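Here is a set of exercises to work through with a structure viewer open. Try each task yourself before you read its solution.

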Amino acid sequence: MSDALICGIAGAGAGIIAQLITYPLDTVNTRQRTDRNSKKMKKTLGTIEQMCQVVKQEGWDRLYGGLAPSLVGTAASQGVYYYFYQILRNRAETDALVRKKNGIGDGSVGMFSSLLVAALSGCVNVLLTNPIWVVVTRMQTHSRKDKDNHPKLEASHDEISVVVEPPPYGTSHTIQEVYGEDGISGFWNGVFPTLFMVSNPSIQFMLYETLLKKIRKRRGSSNKGANDVTALEIFLLGAVAKLGATVVTYPLLVIKSRLQAKQDIGADKRHQYKGTLDALMKIIRYEGFHGFYKGMGTKIVQSVLAAAILFMVKEELVKCARWLLTGRSAANAIR
């Protein structure tokens, strides 16, 4: 099994675990980002208050709305990303060693190369998985109020009145809704700001790899081994890296979510967006720059926690996979 495939599978598994733990925070944050009312018009609820409100008014299950497609999307995104990242990273390391033989550099992958590798991997990931996240965003922002606004059919049989409830807002219903509104292109709503958002994992992995390399270099010069990095240290490195990336790219996430959420047709034109530039201008005009940072506190907590869990679990899964493969190889050699 190739190293790239091991990293891809480990990344997918770690991504699912991190998503399961932090999903309620992600749901609340998506609703905060897609809230189009100005700060003056509506009192802003805190994260815990909003979670309690969702549970009280809509039930616990709404905190996990869209969980199934989200898990598929997380596994696909992390698997695709780590697979291509490892392939491109290996190529960058090979090129760095070639340059070292030619008297250029020290043989390590530089910061710019790490950034480029992460960006290219992110672009491939976005183009392949954007339709999944359109569905997830729709399901996360669908509230019971939306369901109550759907027309109900009443049938009278003698003195008995039967009220037919609308069908559950599931994955298949969401897919049909997106297709009915915008066709196939609707599944790529928000793809342009999402492509720009590849700078988020690029910055994240650049910071992570740089910090990890410094720790290993320091350990290498001491009595400890260069690879002796604990799970807790990986957790903290992942948290710091994600924190820096989230603060920089959060406005793009807000625009992406607004474009992917259901457009309230027939409502106030201020709440309808025709594209990325239109969303950008309307947020500035009607909400001010504050609109680009709605729910950022929640996102920082969710992202930092998810990224820290992701890196820690992924590293442990990779170690286990390599240990299993090494053990089998040794056993076969003995036979």
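The exercises below go from the overall fold to helix packing, the cores and a pair of loops, and all of them use a predicted model.

**Exercise 1. The overall fold**

Task: Find how many helices and strands there are in the protein, and in what pattern they follow along the sequence.

Solution:
- Start by counting elements: the protein has 11 helices and 2 strands.
- Next, read along the sequence, where the pattern is α-α-α-α-α-β-β-α-α-α-α-α-α.
- Then turn to burial: of the 335 residues, 44% are buried.
- Finally, look at the contacts with a separation of 6 or more: 79% of them are between residues 24 or more positions apart.

**Exercise 2. H1 against H2**

Task: Work out at what angle the axes of H1 and H2 cross, and which residues meet there.

Solution:
- Locate the two helices first: H1 covers residues 3-33 and H2 covers residues 47-58.
- Their axes come within 10 Å and cross at roughly 95 degrees.
- An angle of 65 to 115 degrees counts as roughly perpendicular, so H1 is roughly perpendicular to H2.
- Now list the residues: from H1 come Pro24, Leu25, Val28, Arg31 and Gln32, and they meet Thr47, Gln50, Met51, Val54 and Glu58 of H2.
- Sorted by class, the residues of this H1 and H2 contact are 5 nonpolar, 3 polar and 2 charged.

**Exercise 3. H9 against H10**

Task: Repeat the analysis for H9 and H10, and find how many residues of each class their contact has.

Solution:
- The axes of H9 and H10 are 10 Å apart, and the helices pack at an angle of about 110 degrees.
- H9 and H10 are therefore roughly perpendicular to each other.
- On the H9 side you will find Val254, Ile255, Arg258 and Leu259, which meet Thr276, Ala279, Leu280, Ile283 and Glu287 in H10.
- The class count for H9 with H10 is 6 nonpolar, 1 polar and 2 charged residues.

**Exercise 4. The nonpolar cores**

Task: Find which helix gives the most residues to the largest nonpolar core.

Solution:
- The largest nonpolar core has 22 residues, and those with the most contacts inside it are Tyr85, Phe205, Tyr208, Leu212, Ile234 and Phe311.
- At least two residues come from each of H1, H3 (67-101), H4 (111-141), H8 (199-220), H9 (231-260) and H11.
- H11 gives the most to this core, with 6 residues.
- Zoom in on leucine 212: leaving aside residues up to four places away in sequence, leucine 212 touches Val229, Ile234 and Leu237.
- A second, separate core has 11 residues, including Met197, Leu253, Phe292 and Met296.

**Exercise 5. Lysine 294 and glycine 46**

Task: Decide whether lysine 294 is buried or exposed, and find what its side chain reaches.

Solution:
- Lysine 294 lies in the loop between H10 (276-287) and H11 (296-334).
- Its relative accessibility is 7%, so lysine 294 counts as buried.
- The lysine 294 side chain reaches the backbone oxygen of aspartate 35 at 2.8 Å.
- A second polar contact, of 3.0 Å, joins the side chains of lysine 294 and glutamate 287.
- Compare glycine 46, in the loop between H1 and H2: at 29% relative accessibility, glycine 46 counts as partly exposed.
- To finish, take the C-alpha atoms of glycine 46 and glycine 295: these residues are 249 residues apart along the chain, yet the atoms are separated by 8.8 Å.

Definitions and conventions
Residues numbered from 1 in each chain as written. Predicted model: local features only at pLDDT ≥ 70, side-chain atom pairs only at ≥ 80, totals over all residues. Heavy atoms only, no water. Helix = DSSP H or I, 4+ residues; strand = E, 2+ residues; numbered from the N terminus. Buried < 20%, exposed > 50% of the residue type's maximum accessible area, 1.4 Å probe, protein only. Polar contact = N/O pair within 3.5 Å; in protein donor to acceptor, adjacent residues only side chain to side chain. Axes fitted to C-alpha atoms, helices over the stretch in contact; angles between N-to-C directions. Parallel < 35°, antiparallel > 145°, perpendicular 65-115°, else oblique. Contact = heavy atoms within 4.5 Å. Nonpolar A, V, L, I, M, F, W, Y, C, P; charged D, E, K, R; others polar. Core = buried A, V, L, I, M, F, W, Y, C linked by side-chain atoms within 4.5 Å.
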